[in-house]
Amino acid sequence: MMSEKNLPTPHPFMANSAAGSYKEMLRVAEVGDIEELFEQIPSEHRYKGEWNFPRSLASEAELFKHMNSILKKSISSEDNLNFLGAGCWQHYVPAICDEMVTRTEFLTPVWGTPSSDHGRTQVWFEFQSQIGELVGMDFVGLPLYSFGTAAGHAVRMAARINGRSEVLVPSTLDPERLKVLKTYCGFPELSGYVSIVMVATDPHDGGIDVADLKSKISERTSSIYFENPTYLGSIEARAHEISAIAHGVGAEVIVGVDPISLGVIAPPSDYAADIVVGTTQPLGVHMNAGGGVGGFIATRDEAKYAKEYPTLQVSLTGTTHPGELAFGLTLFHQSSYGSRENGKDWTGNSVYLWAVANATYMSLMGPLGFKEIGETIIQRSHYAAALIDEIPGVSVKWKQGFFKEFVVDFSKSKLTVEQINKKLLEHSIFGGKDLSVDFPSLGQSALYCITEIHTVEDIHTLVAALKKVVA
Amino acid sequence: MSKKLKNYHAQVWDEPLVMQLSAVGRRGAILPATESEITARVGAAQGLIPYALLRKSLPELPEMSEFEVQRHYLHLSQQTMGMMGISLFGTCTMKYNPRVNERLVYQHNVAEINPHQPVETLQGVLEVISKFDHLLRELSGLDHFVFQAGGGADAAYTQACMTRAYHASRGELAQRNEIITTSQAHPCNPATAAAAGFKVITLPLEADGFPSVEALRAVVSERTAALMVNNPDDVGIYNPNIAEWVKIVHEAGGLCFYDHANFNGVMTRLRAADLGFDACMYMLHKTFGGPKGGGGPAVGAYGCTEKLIPFLPGPLVEEDGHGGYFLKENSDAGVGRVREFWGNVPVVIRAYAWTRAMGIEGLRDAANISVLANNYMEKRLMKIKGISIGFPDMKKRRLEMTRYGLGDLTKDTGVTTVDVQNRMTDFGVDAYWLSHEPWFVPEPFTPEAGELWSIEDIDYWIDVLEHVCNEARTNPELVKSSPHNQVVHKLDGTNLDDPDKWATTWKAYRRKYKKDTP
């Protein structure tokens with residue numbers, strides 16, 4: 001029989017750590033010593049050393065105190081005035097979005113059945129439908145890990161569709177996303193490799209240099225991937241022309257978007273995009289130190305595209321009772337769950353909980369909310385850019401035609417962005433993302449982000465601080 | 001034996017689609033109005049956008065009041081059983097997700113942090129990440145962990161990418177283009193290996209549930225890039241030859257990756273490094289108490305030995321030696337990124353908090369309780385007519401999960417495992433896990449009791465299964481046509497793969513079915 005010292009310590013997370021339950025399981029399972037249950041594992045495989053582990057904090061009060069003693073060492077973008085975006089943007093998150101993603105029913109489960117998961121699956125369908133409305137596409141999958149991974153999968157979809165293996169991307173692409181894309185494009189020694197060709201940037205507006213595009217695109221080109229707005233904030237004014245050039249050689253057009261811009265900026269379907277990808281983080285998800293990122297893929301509802309999706313996707317269907325609505329997974333078999341190495345890339349856990357926040361956000365905003373947030377962001381960011389551009393020694397690289405983010409050039413101030421941002425920190429301001437390492441051709445430049453959360457006073461505070469810093 | 005089951009019925013709100021709840025002019029959110037001095041300076045927004053790029057018509061999103069949106073999504077949450085019932089979903093290690101962790105991660109010093117902030121303002125989150133890295137090093141014997149991978153499959157992809165980078169750095173990638181796995185490994189292993197460009201070799205299982213050493217020897221060669229395996233796998237069987245496997249692959253020059261998705265039953269008994277593995281992966285949203293979110297945000301914590309650290313995706317969180325932390329970009333020969341930034345940070349924070357709440361003794365207890373609960377279940381399940389155990393030749397005690405089959409029940413009654421799964425939801429018991437592809441056991445099901453569920457919950461789960469198996473024999477139609485007490489009835493899946501019938505958006509549905517109501 002079991003000696004009392006071998007019983008578990010009762011713990012709030014484990015019902016059967018109670019002695020009575022544990023002993024009853026031992027009895028029914030016909031176990032004398034718990035070690036009998038591990039008979040499959042050879043003795044020489046087992047760890048027999050001591051553990052160097054901190055003591056247990058099973059008391060919630062103690063744990064909470066410990067956690068906060070560490071977490072309080074950070075200074076947040078709520079403590080400080082933040083002008084950093086660059087792939088992870090500070091927008092206001094409505095309280096209801098947080099309420100929904102912390103509802104235990106949405107927060108804690110994995111899979112049920114189509115009937116017992118009905119509510120959640122409906123949210124997913126509403127996420128797909130609303131993303132489709134924003135981007136002008138009518139086939140949308142469940143979310144992907146991030147903007148960059150969505151782009152990576154889209155490039156691979158295009159390569160499978162046309163059997164070509166070269167993608168053109170703008171030279172302004174976010175270095176973080178570019179690294180992800182490079183990973184997804186693989187190695188020339190192995191199968192499925194897609195080579196990445198950089199297309200130059202038009203120095204006048206930050207869009208794609210069309211002459212350079214024409215010189216690089218060919219019948220070898222599988223796809224062109226460009227963004228609207230670009231990583232550096234520019235609205236891609238020649239989007240129609242770029243798509244036409246790409247279609248002229250039979251290449252697929254993949255466009256990456258920030259969906260929060262789509263109440264005012266044309267959806268990619270307007271300029272003939274074939275595959276649309278983008279970020280979901282601005283739609284009701286906190287930055288979470290970069291852990292708020294998510295992505296999506298959307299296309300026209302054509303089998304040619306649908307049959308290359310790596311994601312799972314929810315489809316509206318019926319039940320055994322006429323007229324009753326239900327949701328099932330379409331094209332499950334082509335996923336890695338269905339076909340292992342013969343599936344379309346792979347899928348797994350993604351950021352499905354954020355789809356709940358996104359659907360809630362898009363429903364709260366409605367058509368007018370998206371129009372107004374787009375308008376106010378574009379006005380506020382242009383206002384900030386205009387004032388910053390007036391500061392001696394400071395200039396804005398592209399003075400108009402951008403959305404939310406813009407490039408500020410400090411080269412003439414004789415200070416580095418690093419020095420400027422250090423000084424701004426003394427004013428409790430997070431200055432823009434330093435571009436000087438990743439884009440040396442831009443000199444000492446930084447990417448500033450202005451959203452709906454920045455008031456006119458916030459902008460004046462920034463401008464006043466910048467004036468002092470560069471004086 | 002007839003036991004009293006719950007008189008359960010799912011909540012039914014008959015909730016319309018959000019797009020159908022729209023009324024012209026209603027507002028759910030008001031945006032901060034642009035101040036007049038801003039407009040005076042820059043003019044209207046439309047003048048700031050190139051004409052060709054102006055949106056011509058507004059998106060057809062719902063127009064609703066704030067309360068209507070809240071109520072709609074609350075209704076949908078109530079129409080989701082999830083963990084409100086009993087879920088013994090095998091492979092996913094259903095755990096309690098401590099509520100205090102939600103309180104912690106929704107504080108602004110986690111939620112409202114931009115990853116580009118100056119490093120001195122990131123010290124709290126970096127310290128938690130680093131401390132958790134050290135706890136996992138202790139549990140695995142490995143030398144460094146990263147949290148960038150957005151789930152277990154993404155960690156497997158990370159391994160495939162690490163394998164590429166490692167062999168490319170040695171000039172051997174063109175030659176080493178094969179990754180070996182087993183037919184019982186999680187599908188993400190072969191799938192990510194293939195997506196990374198490798199040829200996949202899949203070893204077949206023997207009667208005792210794992211491939212033979214000879215089968216491995218027969219495929220290992222100078223073309224071997226890596227081995228990717230689960231152990232124990234998701235049928236509760238441990239490959240006792242695993243240390244020898246690792247040796248064989250290492251002698252051939254390949255890397256060995258331990259998919260530790262099924263770590264729960266062996267926590268504190270096995271360390272990946274002790275078995276010789278170069279790298280392993282833990283699921284923070286499963287084993288380490290992070291919430292699943294219905295499919296993420298998740299974290300596949302990826303750890304490796306010293307020799308592979310230069311290839312890890314960056315940036316790495318490192319200690320500065322003075323109590324501070326910094327982010328270090330890794331070498332150019334490395335993976336670079338598998339995803340933007342440093343991972344789902346709130347999940348890492350929750351996992352750290354969970355692990356501290358458990359302590360090493362708690363982890364040991366949790367492993368013991370999980371394996372014990374599974375063996376307790378086996379004793380009761382094997383008494384139910386129509387249920388058989390997978391891989392019966394393996395006579396030893398199973399670990400934290402067991403694969404069973406309802407093949408005999410199906411033969412006798414025509415009722416399948418999916419029918420049984422549906423019918424169980426009528427009693428407040430959510431889906432069990434069936435099996436990954438391929439199915440080795442006919443009509444499979446795979447429960448995992450874990451350390452969360454009480455003996456009463458487990459008993460109820462078994463009582464429901466037994467009741468449904470009896471129903472299958474007395475009234476098979478009742479089971480086949482189930483569920484009857486759920487939010488909606490049995491799914492009609494016949495059109496899901498038909499391009500003319502599927503509809504992943506409301507717009508597509510309206511176009512294809514020429515109507516505005518489903």
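Which feature does UniProt place at residues 163-295 of chain B? The record, an unreviewed entry, assigns "domain: Aminotransferase class V" to residues 163-295 of chain B. In this predicted model, that stretch of chain B is 24% helix and 20% strand, and its end C-alpha atoms lie 27 Å apart.

**Chain A**

Chain A has 471 residues, of which 64% count as buried. Its secondary structure consists of 14 helices and 15 strands. Taken along the principal axes, the C-alpha atoms of chain A fill a box of roughly 80 × 55 × 50 Å. Among the contacts in chain A with a separation of 6 or more, 71% join residues that are 24 or more positions apart.

**Interface between chains A and B**

The interface brings 190 residues of chain A into contact with 184 residues of chain B. On the side of chain A that touches chain B, helix 12 (residues 352-389) of chain A supplies the largest share, 25 residues. The residues on this side of chain A divide by class as tabulated below.

| Class of residue on the side of chain A that touches chain B | Count |
|---|---|
| Nonpolar | 87 residues |
| Polar | 70 residues |
| Charged | 33 residues |

Strands from the two chains also pair with each other. Strand 9 (residues 313-319) of chain A runs antiparallel to strand 13 (residues 491-492) of chain B, and two bridges join the pair. In one of these pairings, G318(A) has D492(B), in strand 13 of chain B, as its bridge partner.

Methods. Residues are numbered from 1 along each chain as its sequence is written. Chains are lettered from A and ligands numbered from 1 in the order in which they are written. This is a predicted model: local features need pLDDT of at least 70, side-chain atom pairs count only at pLDDT 80 or more; totals for chains, interfaces and linings use all residues. Two residues are in contact if their C-beta atoms, placed from the backbone, lie within 7 Å. Helices (H or I, at least four residues) and strands (E, at least two) are DSSP runs, numbered from the N terminus. Ala, Val, Leu, Ile, Met, Phe, Trp, Tyr, Cys and Pro count as nonpolar, Asp, Glu, Lys and Arg as charged, and the others, Gly among them, as polar. Two strands pair if DSSP finds at least two bridges between them. A residue is buried if 20 or more other C-beta atoms lie within 10 Å of its own, exposed if 12 or fewer, and partly exposed in between; C-beta atoms are placed from the backbone. UniProt positions are given in the numbering used here, feature names are shortened, and annotations may be inferred rather than shown by experiment.
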